[in-house]
Amino acid sequence: MSSLEVKGLSKAFGGVKAIDDFSFEVDGHDIVGIIGPNGAGKTTVFNLLTGVYSLDAGRVFLDGKELTGLPQHAITRAGIARTFQNIRLFRGLNVLENVMTAADPYSDYNLLDVCFFTPRKRRREHAVRDLSRSYLKIVGLEGYEKEKPESLPYGLQRKLELARALATNPKVLLLDEPAAGLNPSEVRAFIDLVRTIHGRFQFSIIIIEHRLEVVMELSSKIFVLNFGKLLASGTPAEIVCHKAVTEAYLGQEET
Amino acid sequence: MEYLVSTLTFTGITLIGVLGVYMVTGLTGLFSFGQAAFLAIGAYISAVLYKNLGFPLPLAAFVAMVVGLAAGLLVGLPTVRLRRDYISLVTFGFGEAIIAVLNNTANITGGAMGLSGVPQRTSFPLVLVSVIVCVAVVISYKNSKYGRQCLALRNDELAAKSMGINVERLKLVTFLIAGVMTSFAGVLYVFYTTYVEPGAFGWVISAEWMIIVFVGGVNSLTGAVVATVLLTGLPEFLRFASEWRIAIYCIVVLLILNFRPSGIFGEHEISLGFLRRLFRKGAGAA
Amino acid sequence: MTLQLLINGISLGSVYALIAVGFALIFNILKFSNFSHGGLMSVTAYIGYVASVFFGRYIKALPLFVVTLVAAALGGGLLAMVVERVAFRRLRNSNSSVIYYFISSITMGILMENSVTIFASSNFYSYPSFFPTTVIRFGALSVAIPDLLTFLFSGLSLVILLVVLFRTKIGLAIRSTSFDTGTAKLMGMDPNRVVAATFFASGVLGGVAGVFLGINYTLYPQLGQLIVKGFVASVIGGLGSISGALIGAVLLGIVEIFLIGLVGAGWSPVVIFVIMLVFLLLRPRGISGVIVQEKA
């Protein structure tokens, strides 16, 4: 069970305020959604949380520990993992190795082991390999181990991104438009997969999505962003009825 | 025969340097123009310690490698957090600075006239053993968490950081290992050629090594080895065309770039499995 | 005395500025460091020499100088376009990763330098002296004529470049392509033409720089390796900024002249390297402060 606290997130690029004083919390085992029209700043939030961008203002706490200003890799090791909107798989490595790179930082051996070919290195390598295989199995990619990621169909690439993020052993998993480009049956399968993973592991999930059915079905709470500001927050049922939200998406009603 | 052994010895020494470039450029994607500077450090430090201060050879070699490590830290620490292009420029400057230092300390190093009178201690067996050890270490490195993470960061640094990889430290570690290895090659070099001068360690050498790695297939260790043998041995046989040697070299590289950019071996490695299958096919045909 | 050094420094800096801006142009458009620029300068220095010998039979002094410059500039521009066609176009069209540009540019640079070596063999060439007097005096200060001309013509070339970039259609195309190649293509700009034009401009600057380098340092095949000064200037100025490259170059020239006065020419590469390191530690984005921020 973990708690992510985000206070007063702000970021401006040049003169444009991409995020303006955005605060939210994610408790324990929740699934939370962030939605909003294009350009609302959703991915920017992820980039700020994971340290890709530096914060102009605001603070981030995970389980009470402050993560603000830490370098990216430290934030990941502290427990925040993410997938990318434009898939960023490692092309020089095969499918299994892609997952292994995420598990490698936790693999306990050093350069001496490498230079002297110690049994410890062998053991740890086997362990990482097996662990990564298990993650591939969870997302349904077993058998694809030796494939090159760029030769996988799009839907499977998304699964690999997911497996890789899982391998970092996260406390909070950030999914950035994970259903983009999937056809309806794939979206269905994806929703089920997220449920399975969520049930199996004790982490919370934040999803950015345009496909509202994904967010509505999975999330217990939704935050709506517009022009970098929090427009509304609440349960899916509340959000759907919220006037400001429909206005933001559809425009004002003509009378 | 002696000519062949001498060529092989020189090829072996070059190979160790190329291995360093393979780690830094092939695995990690950094373009260091300063690798030859480590060669110079290894050569000069060990030669001066041995000749002028009477150090026993193994100790001189060890100190030379430690100095190489220190130089690597000096250059590497500020540089690894920089963008890729900066790394090239800084290592370039490093290489030039080392040459300038060597040129200006003539009382110790002989300056531009070079350092001579170094006894020949490097034998072919020594080089062969060194090469085998270095290749083994690089293989082990590549097939480890270090190698994988290097390839990841080479591919997509941002995504690598998101996977928890400490990109800066990894770059530094790889750079240092390559630097120490190349310094060692420098020791072998000076005690083989018995004479060195600063001009032999310019950025062109570093660039040539990078080209070798690239021709062999930037992802392939086997390729790097094969290409070293080919491209170091070949010019020896092109001696007659010495003026045009470099030009031919460059044209070959440009052709490969345009028509087979993945290099001779591309991504493939010769592994035990591959050799086994080859063997089986041959046995089957018999 | 210091003022004299300052003047010398500015003049040296203006040559470095030509190098740095030629380099920065390519970096801005294609986002890679064109390491063949040095080799190009070596070649153009010799082109200039050939022109000065050929036309030297008919004209002298300032006209000859201008003709030499023009010949080298044109030669440089054309050569740069050839380089682009041979070494980089295929890579661009197949969307190759940076590594290949890198290798290609290094190889091209070595090839060009080597062809000069073959041409020059062991002969020693140098530019004819273009002017009867070599120094002008302004009171206590003296300015060497070559230095003055360097400063004037560098300045002129850079001004022309700025005019082209900001006042002509092709300049606009170059600038738009540097921001966003995809959209530029959609707007009807032919990337091949734009890239060729950029290389031409870069080659022209390199050509002029080559002549000045040849005058200042005499002609030898490794002349182009002074490109490293252009690199350092770009680093100080901030990679990705043309104005930064300019400022960085002038600063570098001034600093170098002062340093040579202090420690002698031999140690200056070392000191410049240290300065570069220190600068990078303190202000990695350089003077212009341009960071190319990667998006996720």
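In chain A, residues 24 or more positions apart account for 66% of the contacts with a separation of 6 or more. This figure comes from a predicted model, to which the predictor assigns an ipTM of 0.89 and a pTM of 0.86 for the complex. Ten helices and ten strands make up the secondary structure elements of chain A. Its radius of gyration is 19 Å, close to the 18 Å that the globule rule gives for 255 residues, so chain A is as compact as a globular protein of that length. Along the principal axes, the C-alpha atoms of chain A fill a box of roughly 75 × 40 × 35 Å. Of the 255 residues in chain A, 42% are buried.

Two places in chain A can be looked at in more detail. Strand E9 (residues 221–226) of chain A runs antiparallel to strand E10 (residues 229–234) of chain A, and five bridges join the pair. Within this pairing, A:Val224 stands opposite A:Ala232 in E10(A). The hairpin that E9(A) and E10(A) form has two residues between the strands, and A:Phe227 takes a positive phi near 50 degrees there. The second place is helix H2 (residues 72–78) of chain A, where A:Ala78 is found. With 18 other C-beta atoms within 10 Å, A:Ala78 is partly exposed, because a residue needs 20 or more to be buried and 12 or fewer to be exposed. Leaving aside neighbours within four places in sequence, the contacts of A:Ala78 are A:Leu62, A:Lys65 and A:Leu67. A:Glu66 lies twelve residues from A:Ala78 in sequence, with 9.9 Å between their C-alpha atoms.

Attention now turns to chains B and C. Between them, 34 residues of chain B are in contact with 35 residues of chain C. On the chain B side, the elements that give two or more residues are helix H4 (84–104), helix H10 (203–216) and helix H12 (242–259) of chain B. H4(B) gives the most, with 14 residues. By class, this side of chain B has 25 nonpolar, six polar and three charged residues.

The largest nonpolar core has 259 residues, and those with the most contacts inside it are C:Ala20, C:Val21 and C:Val208. Helix H9 (residues 167–193) of chain B supplies the largest share of this core, 17 residues. For C:Val21, the contacts beyond four places in sequence are C:Leu158, C:Leu161, C:Leu205, C:Ile242, C:Ala245 and C:Leu246.

A further residue of chain C, C:Ile136, sits in strand E1 (residues 135–138) of chain C. Is C:Ile136 buried or exposed? It counts as exposed, because C:Ile136 has 12 C-beta neighbours inside 10 Å and the cut-off for exposed is 12 or fewer. Residues up to four places away in sequence aside, C:Ile136 touches C:Ser142, C:Val143, C:Ile145 and C:Leu148. C:Ala17, 119 residues from C:Ile136 along the chain, is separated from it by 23 Å between C-alpha atoms.

Confidence in chain C can be described by element. The average pLDDT of chain C is 80, and 90% of the residues score at least 70. Helix H2 (residues 37–55) of chain C has the highest confidence, at 88, whereas helix H7 (residues 181–186) of chain C has the lowest, at a mean of 66.

Notes. Residues are numbered from 1 along each chain as its sequence is written. Chains are lettered from A and ligands numbered from 1 in the order in which they are written. This is a predicted model: local features need pLDDT of at least 70, side-chain atom pairs count only at pLDDT 80 or more; totals for chains, interfaces and linings use all residues. Two residues are in contact if their C-beta atoms, placed from the backbone, lie within 7 Å. Helices (H or I, at least four residues) and strands (E, at least two) are DSSP runs, numbered from the N terminus. Ala, Val, Leu, Ile, Met, Phe, Trp, Tyr, Cys and Pro count as nonpolar, Asp, Glu, Lys and Arg as charged, and the others, Gly among them, as polar. pLDDT is the predictor's confidence in each residue, from 0 to 100. The radius of gyration is taken over C-alpha atoms; the globule rule is 2.2 Å times the number of residues to the power 0.38. A nonpolar core is a set of buried Ala, Val, Leu, Ile, Met, Phe, Trp, Tyr and Cys residues joined through C-beta atoms within 7 Å. Two strands pair if DSSP finds at least two bridges between them.
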